[in-house]
Amino acid sequence: MMRLIYAFVTLLIVTFPARAEIAIQEITTPTGINAWLVEEHSLPFTALEIRFQGGTSLDRPGKRGAVNFMVGLLEEGAGDLDARGFAEARESLAASFRFGAYGDAITVSAQFLSENRAEAMQLLHSALTEPRFDDSAIERVRAQIMSHLASRATDPNAIAGETWDRMAYGDHPYGSYRVGTPDSVAALTRDDLVSAFRDALALDRIYVAAVGDIMADELSQLLDELFDGLPPTGAPLPPRAEFALTGGTTVVPFDTPQSVAMFGHIGIARDDPDFFAAFVLNEVLGGRGSNSRLMQEVREKRGLTYGVGTFLANADLSDTIMGHFSSQNGSMGEAIEVVQSEWAKMAAEGITQEELTAAQTYLTGSYPLRFDGNANIANIMVSMQMEGLPVDYIATRNDQVMAVTLEDTTRVAKRLYDPDALHFVVVGQPEGVVSN
């Protein structure tokens, strides 16, 4: 029976019509919680997305991994229910709860049927306000984390990412892996986890979005009840991360026939007036699909990689432009040279009108496809809030993409792309590539 209920919930998510015209209501609850709501009453189902700003960047000194560890325990027992009792209660309600810990936020995703809304939210309230942190659950989750860390120790991509972060951000929380190290996780105590819980889950850092079969007044009451009992304030957010990498190459020796490269430099802020021009430029240089310049030059013409891409990496406390690819050890040096050449060409020449038009057509045409379910729409809305975007952004986003001119891209390309600042972290045994 429960499998049938879960299948029904999944069907609701998958068959929600794709669209980019979303009627968003802004509400403020009596206790002062702000939320965005899209009412959709054709199906008896609601998706709720919650973010607590700060995330794993709130780990205390010497306690790396505590916030991630704590979040892994939120559904391992709460209130009067141990881990098994909590799981059985959630299943009996056909509700879905997912908790995640990331560098800038703790995420809470809840999906529930209208007929079980009250009971599902009572259960979620207990997870957010009175998790048990039972010793048996702590050790079970600790073992899972240790297994994950052991796996990453032999993953070239993970090694490249951790090396990049350490060199770019040093002692800032962005400078180390959010899950921690085997030593830091092994040393964490129950008291450390309780402290992380109090630091990270607080009323002063909540963002909320909901989509589905719920009215504004119902959502307002639900949220005040859901968050009742949380502390008013949490730990202070860390300062902005200073980017320390300069141009060059760092090679991390690793026994593998194929090397991994991560590259980039300082980027552009999400609220910068030139952001959309940079967004279009990135699509041309290393965006999705096989038609980007880097895919054409590195893969199609030379066969040096199966795939290469770039992206604007905008975090709360740092903005970079990044890229990634893999190549055989013998061809990594040539691949790096091609990327460097295309980076310099972008800075010097910008893009053509044909490339601009193609990128704008793709970016505007693909945008509505993101709105393909209650949960996806709620996730987009809560992300918009955290990025400081206005409530009408969904309606105006494509207009902003189309407003980018060729003159804009030429000017911003010179500003954004700096071949002298481009740094590569390479993990493997690349022939002819040395650290410099």
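These are my notebook entries on a predicted model.

**Confidence**

I looked at pLDDT before anything else. The protein chain has a mean pLDDT of 94. In that chain, 95% of the residues reach 70 or more. Residues 1-19 are another matter, with pLDDT below 50. I still find 36 contacts from this stretch in the model, beyond near neighbours in sequence.

**The sheet**

Next I traced an open sheet. It is built from 6 strands, in the order 1-2-8-3-7-6. The pairing is mixed. Which strands are the edge strands? They are strand 1 (25-28) and strand 6 (96-101), and each pairs on one side only. On average, neighbouring strands of this sheet are turned by 15° against each other, direction ignored.

I then went through the pairings around strand 3. Strand 3 covers residues 45-53 and runs antiparallel to strand 8, residues 206-212. I note 7 bridges joining these two. One residue pair to look up here: I50 has V208 of strand 8 as its bridge partner. Strand 3 also pairs with strand 7, again in the antiparallel sense, over 9 bridges. There A47 has Q111 as its bridge partner.

**Strand 7**

I stayed with strand 7. Its pairing with strand 6 is antiparallel and runs over 6 bridges. Strand 6 and strand 7 make a hairpin, with 3 residues between them. Q111 comes up again here, since S96 stands opposite Q111. So Q111 of strand 7 is the bridge partner of A47 and also faces S96.

Is strand 7 enclosed or open? I checked burial, taking under 20% relative accessible area as buried. All 9 of the 9 residues are buried, so strand 7 is largely enclosed by the rest of the structure. Both faces are covered. On one side I list A105, T107, S109, Q111 and L113. On the other I list I106, V108, A110 and F112.

What lies across strand 7? I find helix 4 (residues 117-129), which also lies across strand 3 and strand 6. Helix 4 runs at about 160° to strand 7 (105-113).

**A278**

I moved on to helix 10 (residues 275-286), where A278 sits. A278 is buried, with a relative accessible area of 0%. Which residues does A278 touch, leaving aside its neighbours within four places in sequence? The contacts are I268, L312, V412 and L416. I checked the separation for L416. A278 and L416 are 138 residues apart in sequence, yet 7.4 Å apart in space, C-alpha to C-alpha.

**Rings and charges**

Last, the aromatic side chains. The count comes to 15 aromatic pairs. One of them is Y169 with Y174, an edge-to-face pair. Their centres are 5.7 Å apart and the planes make 85°. Both Y169 and Y174 are buried. I also find a cluster linked by ring pairs: F263, F325, W343, Y417 and F424.

Two arginines lie over tyrosine rings. R152 lies over the face of Y177, at 3.6 Å from the ring centre. R397 has its charged end over the ring of Y367, 4.1 Å from the centre.

Conventions:
Residues numbered from 1 in each chain as written. Predicted model: local features only at pLDDT ≥ 70, side-chain atom pairs only at ≥ 80, totals over all residues. Heavy atoms only, no water. Phe/Tyr/Trp six-rings, centres within 6.5 Å; stacked < 30°, edge-to-face > 60°. Buried < 20%, exposed > 50% of the residue type's maximum accessible area, 1.4 Å probe, protein only. Lys NZ or Arg CZ within 6 Å of the ring centre and 35° of its normal. Pairing = 2+ DSSP bridges. Helix = DSSP H or I, 4+ residues; strand = E, 2+ residues; numbered from the N terminus. Axes fitted to C-alpha atoms, helices over the stretch in contact; angles between N-to-C directions. Contact = heavy atoms within 4.5 Å. pLDDT = per-residue confidence, 0-100.
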